[in-house]
Amino acid sequence: RLRLVELANKNARLVLEERLIHRRQLSDRTSKMVLSLQDELGLPQSPRTMVCFDISNTGETDAVGSAAYFDNGLPKKGEYRHFKIRGVAGQDDFKMMREVVGRYFYRRKEEGKPMPDLVVVDGGKGQLSSAHAELASLGLNDQLIISLAKRLEEVYLPGRSDPTTIPKSSPALLLLKRIRDEAHRFAIAYNRKVRSKRTIASAAV
C-alpha cells in the first residue's frame, strides 16, 4: 500500500510538472504574439490587455453587440460583455458600434476600471470612425484603437486612409483574428439566445 501511495504521488507530481511546463510555453508564445502586434502596428506600448467589439445584426430586430477581452494574448472570459442594442432602429452597424463602445467605456469609467491597452473593432473604416468618435466624446482621446476588416484581414488605424496589411503568417495577425473570432462567437451566441426568448414569448401569446 505504501508503494502504491508513493507511486500515485510520483505520478501526480509528473502530471503537475507537465502542466506547468505547458503553461509556461503557452505564456511565452502568447507574449511573443503581443509583442509582434506592437511591432507590426508601431504601437507606443505593448497591447497586453485588449477588448474587441462585434455586432450581430441578422434582421430588423434582435441586434446585439459583444466585447471579448484578452489579457496577455489569452481570453479572460470574466471580462466578456454582451449588449442588446437599445437606441438604433434598422440596420445601422456604425451607430450600433458607437452605442456598444459608448456603453462599455462609460460603465468602465464609472466603475473606475483600467482602460485596455488596445481596442479592436470588427469592421472597416466606418466602424472604426464611429467607435473612435464615441471614445472622443467620453474624453478618451488617447485610447488606442484599430479595426480589422474581415474580407482581406486589413487593419485600419485612425487618421490613416489606407489600411495596414499584416503578413498572413505573422503571430500578430493570428492574435487579432483570435480575439475578433471570439467577439463574433460571443455575439452570435447572445443573438441566438435573444431570438430564442422572443420566439418562445411570441408562441406563448
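**Notebook: the largest pocket and its chain**

I looked up pockets first. The largest pocket has a volume of about 240 Å³. I note that the model is predicted.

**Who lines the pocket?** I listed the residues along the sequence. Glu 79, Arg 81, His 82, Phe 83 and Arg 86 are among the lining residues. Further along, I found Arg 103, Tyr 104, Arg 107, Arg 108, Glu 111 and Lys 113 in the lining too.

**What character does the lining have?** I sorted its residues by type. Eight are charged, two are nonpolar and one is polar. His 82 is in the list, and I counted histidine as polar, since Asp, Glu, Lys and Arg are the charged types here.

**Which elements supply the lining?** I traced the residues back to secondary structure. Strand β4 spans 81-84 and helix α2 spans 93-110; each supplies at least two lining residues. Helix α2 gives the most, with four.

**Fold.** Next I read the whole chain. I found four helices and eight strands. Along the sequence they run α-β-β-β-β-α-β-α-β-β-β-α. A helix therefore opens the pattern and a helix closes it, with helices and strands taken as DSSP runs numbered from the N terminus.

**Packing and surface.** I checked burial next. The chain has 205 residues, and 44% of them count as buried. I then looked at contacts with a separation of 6 or more. Residues 24 or more positions apart account for 63% of these. Last, I looked up the surface. The chain exposes about 12000 Å². Carbon and sulfur atoms supply 52% of that area.

Key
Residues numbered from 1 in each chain as written. Predicted model: local features only at pLDDT ≥ 70, side-chain atom pairs only at ≥ 80, totals over all residues. Heavy atoms only, no water. 1 Å grid on protein atoms, 1.4 Å probe; cavity = no way out; pocket = protein on both sides within 12 Å on 5 of 7 lines; lining within 4 Å. Points joined across faces, edges and corners; volume = space filled by probe spheres on them. Buried < 20%, exposed > 50% of the residue type's maximum accessible area, 1.4 Å probe, protein only. Contact = heavy atoms within 4.5 Å. Areas by Shrake-Rupley, 256 points an atom, 1.4 Å probe, with all protein chains shown as cover.
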